[in-house]
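Thank you all for coming. Please bring up the sequence and the structure on your screens, and then we can walk through a few parts of this together.

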Amino acid sequence: MSLAASLGEWDRHLADERAVSPHTRKAYVDDVGRFLAFLGGFAGKDPARTEAGEVDALAVRSWLASLRAAGHARTSIVRRLSALRTFFTFLEREGLAEGNPARGVATPRTEKNLPVTLSVAEAAAVVEAPPADTELGLRDRALLELLYATGLRVSELVGLSLPDVDLPGRQVRTLGKGRKERIVPFGEKAAEALAAWLPARLALLAGRRVRGEPLFLNARGGRLTDRSVRRVLLSALAGAEVGRHASPHALRHSFATHLLAAGADLRTIQELLGHASLATTQKYTHLDVERLMEVYRK
């Protein structure tokens, strides 16, 4: 089977068997697609006629060198190499390749940047920044409170529907990476913000027909998008006069860091965040040490 045809098979495998999110799947397939396009210029190999056995480690290294020369960030290069390794591992398992030419290629070292977090005071100012006297303002308060109270990923937040929220029990059910379900509790502040938003949500719908029962709606009554949540946070950061850039993920990082500082154990935080590996959660211990050192220096 040609590499081009194999890429289509891998895409279906990621969707049907691995339950990879559409965003991640697209990124993986695009990365490998760029490598196949590179093969055409590097060795004159047509992906529609080239099989996996014709690709060697030299082609992979040359591709990485071309990415470095084009100024791509090391994190981007590492991600693309990882996608290529995963692709060839799939081909090996399916009997379409006898080896993995990307396996022996060294992974470029990347700087371990600590995630951006807000202080407790900054996080409180951000979630209270949207106005409480408009329908969209109530929505924005509710979604920011829920992000900070649960540590949900933005993709998980916008995917929530009304049946996923147990307001009396103060908990939310979400599907994380790999379609793994988890239940996350939230506090009184988030519950109050959601209770205020739900009547405004009905008013915003105003007889519109919407597919499903999305928890958070845009101004037209449709499901809110990741990009819209980013705009909401940027507006709240400006309103709270937080003088630094932060992404929606900053509230997730802040949630974990503040829990750790309050005495929560890493295993609990891992379950709440939906991390598959405890090693992923351990970065917050480094962040907390940095915070303590900063307090000591002051």
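How many residues lie between E1 and E2 in the hairpin that they form? Before I answer, please keep in mind that what we are looking at is a predicted model. There are four residues between the two strands of this hairpin, and Arg-170, which sits in the turn, has a positive phi of about 50°.

Let me now place that hairpin in its sheet. The sheet is an open one, built from three strands in the order E1-E2-E3, and the pairing is antiparallel. Its edges are strand E1, residues 165-166, and strand E3, residues 181-185, each of which pairs on one side only. E1 is joined to E2 by two bridges, and in one of the pairings Asp-166 has Gln-171 of E2 as its partner. On the side of E3, strand E2, which covers residues 171-175, is held by five bridges, and these two strands also run antiparallel. If you follow Gln-171 across to E3, you will find Pro-185 as its bridge partner, while Thr-174 stands opposite Arg-182.

Staying with E2, please look at where its side chains point, since they alternate along the strand. Val-172 and Thr-174 point to one face and are buried, whereas Gln-171, Arg-173 and Leu-175 point to the other face and are not buried. Leu-175 deserves a second look, because its relative accessibility of 36% makes it count as partly exposed. Leaving aside residues up to four places away in sequence, Leu-175 touches Glu-156, Lys-180 and Glu-181. Leu-157 lies 18 residues from Leu-175 in sequence, and the C-alpha atoms of these two are 9.6 Å apart in space.

A useful contrast is Leu-146, which is found in helix H6, residues 135-150. Leu-146 has a relative accessible area of 0%, so it counts as buried. Again leaving aside residues up to four places away in sequence, Leu-146 touches Gly-151, Leu-157, Leu-160, Phe-186, Ala-190, Leu-194, Leu-215 and Phe-216. Ala-250 is 104 residues away from Leu-146 in sequence, and from C-alpha to C-alpha the two are 13 Å apart.

I would like to finish with helix H3, and with a small check that you can repeat yourselves. H3 runs over residues 57-69, and because a helix is expected to span 1.5 Å a residue, its 13 residues should cover 18 Å, which agrees with the 18 Å between its end C-alpha atoms. Just after H3, Gly-71 takes a positive phi of about 85°.

Which residues of H3 are buried? They are Ala-59, Val-60, Ser-62, Trp-63, Leu-64 and Leu-67, and the buried residues of this helix pack against helix H2, residues 22-42, and helix H4, residues 74-93.

Turning to the first of those two neighbours, H2 and H3 pack at an angle of about 105°, and their axes are 10 Å apart. That angle is why we call H2 roughly perpendicular to H3. H2 contributes Asp-31, Arg-34, Phe-35, Phe-38, Leu-39 and Phe-42 to the contact, and H3 contributes Leu-58, Ala-59, Val-60, Ser-62, Trp-63 and Ser-66. Sorted by class, the contact of H2 with H3 has eight nonpolar, two polar and two charged residues.

Notes
Residues are numbered from 1 along each chain as its sequence is written. This is a predicted model: local features need pLDDT of at least 70, side-chain atom pairs count only at pLDDT 80 or more; totals for chains, interfaces and linings use all residues. Side-chain values use heavy atoms; hydrogens and water are left out. Two strands pair if DSSP finds at least two bridges between them. The expected span of a helix is 1.5 Å times one less than its number of residues. Buried means under 20% relative accessible area, exposed over 50%, partly exposed in between (1.4 Å probe, protein chains only). Contact means heavy atoms within 4.5 Å. Axes are lines fitted to C-alpha atoms, for helices over the stretch in contact, and angles run from 0 to 180 degrees between N-to-C directions. Angles under 35 degrees count as roughly parallel, over 145 as roughly antiparallel, 65 to 115 as roughly perpendicular and the rest as oblique. Ala, Val, Leu, Ile, Met, Phe, Trp, Tyr, Cys and Pro count as nonpolar, Asp, Glu, Lys and Arg as charged, and the others, Gly among them, as polar.
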